[in-house]
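This briefing is meant to be read beside the sequence and the coordinates. It takes up the strand arrangement and then the surroundings of a bound ligand.

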Amino acid sequence: MTDLVFIGPPGAGKGTQAQRLCARLGVPQVSTGDMLRAARKMGTELGRAADDYMARGALVPDDVVIGLVHERLALPDAATGFVLDGFPRTVPQAKSLDRLLGRISRKIEHVVLLEVPDALIVERITGRRVGETTGRIYHIKYDPPPFPDRGEGGERLLTRADDTDEVVRSRLAAYSAQTAPLVAYYTNHGLLRRVDGVGAVDDVTMALFRSIGIT
Ligand code: ADP
Ligand code: AMP
């Protein structure tokens, strides 16, 4: 069983590294941000409930996100493990995840904290592009797509609506106020693995794999 969690500020590289780790381990990436964006795009009730919070860079209420994750982790592909990316983001979310896993005799193996200083975050986020069909994450400068506005296979590249200078500042404030307390929470549980998220993407991947015992 490989049950892993990524935490770190917005734009730290959680999605980028989670995609690589999942490919290596053969377990699904569970990104609450991706799930909420899909719900918004489809215009579901959940998507409408999350819409305003996401546009402002605030966290969506715990009960909404917790319900989503509980349903997702019950699907068969998560039976042998998962990499959670962007969840939990509050202490109540972390406690609810512990309870959920405890009920099925599972527990988190590692919590990876990707550390990147605020000064680098805005540039990372405003340069982010995401493949429309594959969800592959690029950066116009640090991980450039093969064509100026197309990804591999010619897919269109999207810029997230909340990846603006202004909204990033709210997202960073939400991180400090609501998510940073998870560092103490998971340190106390003996699960926290700190990984320096500054440096080339491949180097961060190597440091990440080392931190969780993958050679
Ligand atoms: P998160 O999921 O934590 O919000 P992403 O994985 O989407 O972050 O990364 C945010 C942006 O930073 C993307 O454009 C990505 O290509 C870029 N990025 C990721 N890792 C690095 C790195 N080590 N160095 C420079 N840019 C990076
Ligand atoms: P992300 O894709 O992880 O950057 O998340 C984008 C946005 O989705 C966040 O700014 C929040 O509004 C919302 N979101 C994602 N995950 C969570 C979560 N675990 N709790 C609350 N809101 C979330």
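In what order do the five strands of the open sheet lie, and is their pairing parallel or antiparallel? In this predicted model, the order is β2-β3-β1-β4-β8, and the pairing is parallel.

**The sheet**

- The edges of this sheet are formed by β2 (29-31) and β8 (192-196), each of which pairs on one side only.
- On average, and with direction ignored, neighbouring strands of the sheet are turned by 25° against each other.
- Strand β1 (residues 2-7) is joined to strand β3 (residues 81-85) in the parallel sense over five bridges, and Asp 3 stands opposite Phe 82 in β3.

**The shell around ligand 2**

- Ligand 2 is surrounded by 16 residues, of which Thr 32, Arg 37, Ala 58, Gly 86 and Gln 93 are the closest.
- Helix α2 (residues 32-42) supplies the largest share of this shell, namely four residues.
- By character, the residues of the shell divide into seven nonpolar, four polar and five charged.

**Polar contacts and cover of ligand 2**

- Two contacts involve the protein backbone: a backbone N or O atom of Ala 58 lies 2.6 Å from an oxygen atom of ligand 2, while a polar backbone atom of Gly 86 is 2.9 Å from a nitrogen atom of the ligand.
- A side chain also takes part, since a polar side-chain atom of Arg 160 lies 3.0 Å from an oxygen atom of ligand 2.
- Of the 490 Å² of accessible area that ligand 2 has on its own, the protein covers 96%.

Technical notes
Residues numbered from 1 in each chain as written. Chains lettered and ligands numbered in written order. Predicted model: local features only at pLDDT ≥ 70, side-chain atom pairs only at ≥ 80, totals over all residues. Heavy atoms only, no water. Pairing = 2+ DSSP bridges. Helix = DSSP H or I, 4+ residues; strand = E, 2+ residues; numbered from the N terminus. Axes fitted to C-alpha atoms, helices over the stretch in contact; angles between N-to-C directions. Near = heavy atom within 4 Å. Polar contact = N/O pair within 3.5 Å; in protein donor to acceptor, adjacent residues only side chain to side chain. Areas by Shrake-Rupley, 256 points an atom, 1.4 Å probe, with all protein chains shown as cover. Nonpolar A, V, L, I, M, F, W, Y, C, P; charged D, E, K, R; others polar.
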